[in-house]
Amino acid sequence: MTVNINFLLFNGFETLDLFGPVEILAHFESHQLRYFSLTGGLITSTQGVSIMTEPIDAMPQSGILVLPGGFGTRTLVYDDAFIAVLKHYAEHSEYCLTICTGSALLAKTGLLDGRRATSNKKAFDWVTSVSNGPHWIRKARWTADGKFYTSSGVSAGMDMSLGFISDLYGAEKAVTIAEAIEYRWNRDPDDDAF
């Protein structure tokens with residue numbers, strides 16, 4: 001059975017927030033990685049990397065939804081149309097993973113209310129000001145609460161992605177992926193030196 005891994009992008013996303021998890025999640029035995037935005041077309045990261053996306057209405061409602069962070073979240077968090085679409089797809093996804101300030105966007109939907117969540121430590125005060133519904137954990141590399149996973153900033157998304165794989169398929173699978181990409185995995189979700 002094919003696993004749909006759907007990345008929801010926006011202008012001003014953080015490059016490693018996307019491509020770190022892409023590298024790891026692409027190691028699913030049977031997967032389909034697809035990239036979406038509200039209207040489709042070319043989307044550009046904060047660092048100037050562009051990626052072609054499909055329109056959101058082409059996104060399967062099942063599977064894994066992945067949402068990066070980045071400077072684009074600062075204005076997008078006030079975009080009611082985007083937040084409504086995100087809420088719809090996050091509700092219907094089997095799992096929802098956010099990286100960095102992507103958790104601010106998900107928090108704005110209300111779906112993290114009462115759940116453990118974290119975000120980029122350098123933007124933590126801003127993220128927590130967006131919504132007081134989640135139980136924000138400042139000292140966490142990543143959190144998992146039900147189907148929702150949130151990570152600290154940028155590179156923490158790779159640790160969270162490996163933690164997600166470990167939760168679903170066992171630590172041995174996650175270690176194998178980390179070794180294959182020569183990545184030193186921080187396995188402790190509560191260990192965040194930042």
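The legends below describe close-up views of a predicted model. Residues are numbered from 1 along each chain as its sequence is written, and side-chain values use heavy atoms, with hydrogens and water left out. Because the model is predicted, local features need pLDDT of at least 70 and side-chain atom pairs count only at pLDDT 80 or more, while totals for chains, interfaces and linings use all residues.

**View 1. The open sheet has 8 strands with mixed pairing.**
The strand order is E3-E4-E2-E1-E5-E6-E10-E9. Strands (E, at least two residues) and helices (H or I, at least four residues) are DSSP runs, numbered from the N terminus. Two strands count as paired if DSSP finds at least two bridges between them. Strand E3 (41-44) and E9 stand at the edges with a single partner strand each, so one side of each has no neighbour in the sheet. From one strand to the next the twist averages 30°; axes are lines fitted to C-alpha atoms, for helices over the stretch in contact, and angles run from 0 to 180 degrees between N-to-C directions.

**View 2. E2 and E4 are joined by parallel pairing and by a salt bridge between Glu 54 and Arg 34.**
The parallel pairing of E2 and E4 extends over 2 bridges. Phe 36 stands opposite Glu 54 in E4. Glu 54 also forms a salt bridge with Arg 34, with 2.7 Å between the closest N and O atoms. A salt bridge here is a side-chain nitrogen of Lys or Arg within 4 Å of a carboxyl oxygen of Asp or Glu. Glu 54 lies in strand E4 (residues 50-55) and Arg 34 in strand E2 (residues 31-37), 20 residues apart. With a relative accessible area of 27%, Glu 54 is partly exposed, whereas Arg 34 counts as buried at 17%. Buried means under 20% relative accessible area, exposed over 50%, and partly exposed in between (1.4 Å probe, protein chains only).

**View 3. Helix H1 (residues 15-25) lies across four strands: E1, E2, E4 and E5.**
H1 runs at about 160° to E2. Of its 11 residues, 8 are buried: Thr 15, Asp 17, Leu 18, Gly 20, Pro 21, Val 22, Ile 24 and Leu 25. The elements that cover these buried residues include E1, E2, E4, E5, H6 and H7.

**View 4. Helix H6 packs on the sheet and also meets helix H7.**
On the sheet, H6 touches E5, E6, E9 and strand E10 (148-151), and its direction makes about 150° with that of E10. Contact means heavy atoms within 4.5 Å. The axes of H6 (residues 156-169) and H7 (residues 171-180) come within 6 Å and cross at roughly 145°. From H6, Leu 162, Ile 165, Ser 166 and Tyr 169 take part, and from H7, Ala 171, Lys 173, Ala 174, Ile 177 and Ala 178. These residues divide into 7 nonpolar, 1 polar and 1 charged, where Ala, Val, Leu, Ile, Met, Phe, Trp, Tyr, Cys and Pro count as nonpolar, Asp, Glu, Lys and Arg as charged, and the others, Gly among them, as polar.

**View 5. Arg 141 and Asp 159 meet in a salt bridge, one of 5 in the structure.**
The N to O distance of this pair is 2.7 Å. Arg 141 lies in the loop between strand E8 (135-136) and strand E9 (142-145), and Asp 159 in helix H6, so the pair ties together parts 18 residues apart in sequence. Both Arg 141 and Asp 159 are buried.

**View 6. Asp 190 forms a salt bridge with Arg 116.**
The closest N and O atoms are 3.9 Å apart. Asp 190 lies in the segment after H7 and Arg 116 in strand E7 (residues 116-117), so the bridge ties together parts that are 74 residues apart in sequence. Asp 190 is partly exposed at 43%, and Arg 116 is partly exposed at 31%.

**View 7. Thr 98 in strand E6 (residues 95-98) is buried.**
The relative accessibility of Thr 98 is 0%. Not counting residues up to four places away in sequence, Thr 98 touches Leu 67, Ser 103, Leu 106, Tyr 149, Thr 150, Ser 151 and Met 160.

**View 8. Cys 96 and Cys 100 are not joined, and the structure holds 0 disulfides.**
The cut-off for a disulfide is a pair of cysteine sulfur atoms within 2.5 Å. The closest cysteine sulfur to that of Cys 96 is in Cys 100, 15 Å away and therefore too far for a bond. Cys 96 is buried at 0% relative accessible area, and Cys 100 is buried at 4%.
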